[in-house]
Amino acid sequence: MDLTYSDSEQAFRAEAREWLEANVPDGLASGDTAEGFAQHLEWEKRLYEARWAVVSWPEAYGGREASLWEWLIFEEEYYRAGAPQRVTQNGIFLLAPTLFDVGTPEQQDRVLPRMAAAEDLWCQGWSEPGAGSDLAATKSRAVRDEAAGGWRLTGQKTWTTRGAFCTHMFGLFRTDPESERHRGLTYFMVPLDAAGVTVRGFERLDGDEGFAEVFLEDAFVPDDAVIGEVDAGWKVAMATTGSERGLTLRSPGRFLSAAERLIELAAERGEAATPLLRDRVARAWIDAEAYQLFTLEQVTTISEGGSPGARSSLNKIFWSELDVRLQETALDLLGPAAELDGPWSRGFLFALAGPIYAGTNEIQRNIVAERLLGLPRK
Amino acid sequence: MDLTYSDSEQAFRAEAREWLEANVPDGLASGDTAEGFAQHLEWEKRLYEARWAVVSWPEAYGGREASLWEWLIFEEEYYRAGAPQRVTQNGIFLLAPTLFDVGTPEQQDRVLPRMAAAEDLWCQGWSEPGAGSDLAATKSRAVRDEAAGGWRLTGQKTWTTRGAFCTHMFGLFRTDPESERHRGLTYFMVPLDAAGVTVRGFERLDGDEGFAEVFLEDAFVPDDAVIGEVDAGWKVAMATTGSERGLTLRSPGRFLSAAERLIELAAERGEAATPLLRDRVARAWIDAEAYQLFTLEQVTTISEGGSPGARSSLNKIFWSELDVRLQETALDLLGPAAELDGPWSRGFLFALAGPIYAGTNEIQRNIVAERLLGLPRK
Amino acid sequence: MRFALTEDQAALRDAARELLARECPPAVVRKAWDGGAGASPVAAVWSKLAEMGVVGAAVPEEAGGLGLGACDVVPLLEEAGRVALPLPLVETAFVAGPLLAAAGDDGAVERLLAGDLLVACALDGAAEVPWAGDADLILVGERPGGPVSQIVGSHGGGATAGADGIARFGGALEPARSIDTARRLGVLVGSAASASGLVGGDDRGADSGPGEPPAAVEPLDAPNEACVLAWQRGALGTAGQLIGLSRALLAMTVTYAEERRQFGVPIGSFQAVKHQLANALLGVEFAAPTVLRAAWSLDSGAATVDRDVAMAKALASEAAERVAATALQAHGAIAYTTEYDLHLFAKRVWASARTWGDAEWQRARVAAALGLN
Amino acid sequence: MRFALTEDQAALRDAARELLARECPPAVVRKAWDGGAGASPVAAVWSKLAEMGVVGAAVPEEAGGLGLGACDVVPLLEEAGRVALPLPLVETAFVAGPLLAAAGDDGAVERLLAGDLLVACALDGAAEVPWAGDADLILVGERPGGPVSQIVGSHGGGATAGADGIARFGGALEPARSIDTARRLGVLVGSAASASGLVGGDDRGADSGPGEPPAAVEPLDAPNEACVLAWQRGALGTAGQLIGLSRALLAMTVTYAEERRQFGVPIGSFQAVKHQLANALLGVEFAAPTVLRAAWSLDSGAATVDRDVAMAKALASEAAERVAATALQAHGAIAYTTEYDLHLFAKRVWASARTWGDAEWQRARVAAALGLN
């Protein structure tokens, strides 16, 4: 047991805080609009230049080889400083861990530096109209083009976050037409400017064009677009979800800073912050703390070579529902002003996606019950 | 729309209130102990003599032919007066409606007057060790004894409320040994002093001997112990659950009076009744009112010839969970004194049974989803 | 004792349901998101509601209305909720209609009956005024500290649309963006204060505090009692609308859960989905009777009307919020897009659950009535 | 940074778990329901805990104990919860041990270390004293109005059992029946008042109010700081126990849900059961780290210790109550009987969740620390 940070970790924190205080921009438009996305790209490039874009990556790719503890510290400072959303996050947090694990050195060298520098912008292509929670129902297919040395992709991906603004997509395609469910899928990287690819942006709940549909018709990608083995895409995609880098830890800093803002809101609301509302504010703050502590336990496990395994499902359920409760509390503090389109109502609408994406909380609860508690599948 | 009671209904209420005020006894021991049960029997006999035991029954059987509205009024007054629990209720509310519906006149004449007078005391024999929620898994069997003109019953019933103090039991037995699930069951009435019947009482959560196991070994009952058709017991048992008399309406009066007591408790607790607790008290009272109003709608439907059908599942879920919340609020008002064995802790333990018995709330929610909302079974 | 709509009430409700289903499908609601009440198919809906008598339903017969009570009108407002009607029907027909009649403002009543007057309300001291962008007349008031609501009135007069009437407030009313654009939200600038300086009803002669009412604001010549009733109708009508919204969201979700297949089966066959939807239904089914009872209490002048309305609004708000959350979760990503209709209903829920007193505030009124504070 | 038990801590915990599993199965807990701490197998459990050093774990080495900190001891208390140990281990080992040592009462400490002293606590001004029926010494105090808890002490002295020590309170302590009979509840009669007249620690010289302390009550010669820490250890230790109780209830329920079949399948395969149990686990898994962190804060003298303990007790209480309700519901009727073991654990939860500050009260302390009131 030691809940103190080392001198070097504290120095890391100080450096991050200082840089963020000096550099965090104000008043950017939402990164999920065309205008705001461009503004956010500038911010990403600044992060990259100062080597804050991918702190845990190797120095050669623009990182600092930060430990997981340092990554947590950076995230805490990042949210504390009110820094902008990371429009590059799907590449950095979803694709990169997979490349680090099973990508070839050539793929890593080709993809990661440009991802870190926000030159290539990655969106995910998991969901399809018929495959949401049930990812194994993927129908998009890839047909071998032996002559051209690659694959021809056909199908439709949807609910692709910021797809309309990105340059590349990663996702699963069915390479074995006879296969069913989890078998016969392959993990591909697809440039969105390839011939045969059409992207149509559409609105999310908050009115931003944050989603896209990606239509593929015989779009060609070369062999080096395949990550891992052909037909082994499911395993490739799943392997990193439970692993260290692919932990998809939602940074505790995000909720701690939201809870602090909530406390400020309660103070501003004076009398309107009734004892019941103040209790809910305290709950939100307590939950954010509990989430932080749970994460510290997980990071300890990982740092010592363990794996969080199915416990990451606890993580997902907790942060996503804590976020909804926190934002609801803010709306109730605001009362009739809650309906104003503003940071809190947007925060609420954004939070509502949490229990849905990255595996609905229903799926996560099944995992918790079956894999952590050991209840029977059938 | 008319939410007023007629003159005759008001007169009925006045008569009930007056009689109850003059007659309700004080300080009875729990009716689920041997001592208390005897005390409660005396009360039942007093109710019967004044014709308040079975107000909605025909006069010939000791009732007043009260309408459902009058029954509601009586129940409201009964709980308002703090009158004792009805140890006869399983006969009156579960068996009697079935007899009124499908019993022969001979059975009605034989069973109902003695039930009303608390001369025969009925317990239910639905559950078995392997058949709780899944009542259709009933294994207890009845074998035809042609010579003796009856049936020989063998098996085990359990979680039989007040079984140790009762004289008779009703329940389902498998008459067709080849049958499965809902088919081949028959509805029997069994005197507990029959040869081959052994009753063993055991403790409920509150420490009272409120449960019993009933072991049957070749116990003989004559043909007139069968209600309805042989092998049609499932239908017979289920028919009345959705019908008027078998509505198993939990009287709104019970929860309204509990909510009033809760308000008094909050007042007694002074400062310890924080704004959060007072809000929960208000919630409990509001929920009791909502339950009352929902019931009035249901009774209107029934009075006009309709059937509540699967809506009675909404009823069951709501009252049972409202009761738990109400009692929990009381315990939180009491704080460290909540653990004292007393009316509130007993009320809490009693309430915990609500979401379990008479069809668990999980089963009820399935019914609501499938039969009211129309969601697919599979 | 009979706790159910009369045949006449049910027939009127059914007629309204039919009209609204025909005239106001989601495509029309979307028009209001862009163009407000003036957008062509939206304006036509209002005309038809006026023709049918719905807009003047609560105006006394002697003033030219149908003279119907809350038990008649609340079911109609539920129907308005069911289609997410993008117009201030509660405010115009249920709050303002009888209030303007009580104030003897024949001109305004006449326009209202003709479908030429849209009314917005800010009766709780809040600066945010839903429907202000389309309103010809805005009622302003304070949220009561005690059990009796004060209504503060001002009418824009003239047949001109919102902006003109608003200018006569003295203060400025700036357009603001609601999460539900159809609500044409306005914000009284510098004026939660200035509005609350305008005390109407019987108190209008009293000292109106630091901010003198701007000249253009005309106090409403209605007795206090009428103002109290108007506030109650606003909360009750909104509760009714929330019930209708809830039923629409539930129906939409059940249909989707039957059709949408994942893992080889309809998602509605999963017990987790079933139980969430059962819980959502439970909330609505136990809120609905309290709404109808509050209508009865209002019509019969029951002593408990304030408590009954508070309870109804509290339960309806909570039920609707639960339904909205459940509906979204059961749909998954598809409902998280504005191309799908669900958001038209859910956003109305989120907005209106917190106006006319949110659940906690209304429960506190009930607690007060029970002697709990 | 390393947020996990050390190897030593885990080894000690495992040893305690093994001992308790062996010595204190449910059958032994049932003996305490009938005969209290003196019943033969129950008394033996205490002796073995004393021999192993658990009873004196938190007593400083110089006073003859193991001198362990909260990070070492709290995991042991979780283990005590896991078997529903029917003895006041939190009160004796964690609250009283270090406090008596701080007060320099060598005699009492010696008896405690030898396993000859059971301690009950009523530190929140409540008249109800859990474990009083078996206690040789009772610590009495007031619940703090401010952020710092005051501890008020009185020891019965002598090696005699409860009754003698209690007699010296002046007031009467009457046996009362708890829903958890093993807790040997006592009620101070006429004495929430008289007990709270006994102000100890540094304040013991102050005017003790209307009720003069009965002569036989000896104030405890411990510094204020030690009293504050004792209160914190009581709340934290109880939180730890609640975590252990929760884990036992969950394990029991999972086993049953795997074995019990209805409708031809194990009930644990129903999604409704799965999700309820997943929710129950979620509460425990997010409460447990806050308990361990509060132990660290206590050991390291962190400025936030009061807030951290409050948070831990609040979350542990709520988590345990949810687990208990879920466990009962998933079992159904069988767990509603006292023949089944579940009630031994559930009743301990219901009782102890509301002592040492219930969830709401503890959250209010957190709120105060956050400047929210």
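Colleague: How many residues do chain B and chain C each put into their contact?

Modeller: Chain B gives 36 residues and chain C gives 35, counting residues as in contact if their C-beta atoms, placed from the backbone, lie within 7 Å. This is a predicted model, where local features need pLDDT of at least 70 and side-chain atom pairs count only at pLDDT 80 or more, while totals for chains, interfaces and linings use all residues. Residues are numbered from 1 along each chain as its sequence is written, and chains are lettered from A and ligands numbered from 1 in the order in which they are written.

Colleague: Which helix supplies the largest share of chain B's side?

Modeller: That's α8(B), with 14 residues. At least two residues each come from α7 (252-269), α8 (275-303), α9 (311-334) and α11 (361-372) of chain B. Helices here are DSSP runs of H or I, at least four residues, and strands are E runs of at least two, numbered from the N terminus.

Colleague: And what's that side of chain B like by class?

Modeller: It has 23 nonpolar, 4 polar and 9 charged residues. Ala, Val, Leu, Ile, Met, Phe, Trp, Tyr, Cys and Pro count as nonpolar, Asp, Glu, Lys and Arg as charged, and the others, Gly among them, as polar.

Colleague: Switching to chain B's strands: how many residues of β5(B) are buried?

Modeller: 6 of the 7 residues in β5(B) (185-191) are buried, meaning 20 or more other C-beta atoms lie within 10 Å of a residue's own.

Colleague: Which strands does β5(B) pair with?

Modeller: Strand β4(B) (168-174) pairs with β5(B) in the antiparallel sense over 7 bridges, and B:H168 has B:P191 as its bridge partner. Strand β8(B) (226-227) also runs antiparallel to β5(B), joined by 2 bridges, with B:Y187 opposite B:I227. Pairing takes at least two DSSP bridges.

Colleague: Over in chain D, how does α1(D) pack on α4(D)?

Modeller: Helix α1(D) (7-23) meets α4(D) (70-82) at an angle of about 25°, with axes 9 Å apart, so the two are roughly parallel (under 35 degrees). Axes are lines fitted to C-alpha atoms over the stretch in contact, and angles run from 0 to 180 degrees between N-to-C directions. Residues of α1(D) in this contact include D:L12, D:A16 and D:L20, and those of α4(D) include D:P75 and D:L76. By class, that contact has 7 nonpolar, 1 polar and 5 charged residues.

Colleague: What about α1(D) and α3(D)?

Modeller: Helix α3(D) (40-52) packs on α1(D) at about 165°, with axes 10 Å apart, which means they are roughly antiparallel (over 145 degrees). From α1(D), D:A15, D:L19 and D:E23 meet D:A44, D:V45, D:K48 and D:M52 in α3(D). That contact has 5 nonpolar, no polar and 2 charged residues.

How values were computed
A residue is buried if 20 or more other C-beta atoms lie within 10 Å of its own, exposed if 12 or fewer, and partly exposed in between; C-beta atoms are placed from the backbone. Angles under 35 degrees count as roughly parallel, over 145 as roughly antiparallel, 65 to 115 as roughly perpendicular and the rest as oblique. Two residues are in contact if their C-beta atoms, placed from the backbone, lie within 7 Å.
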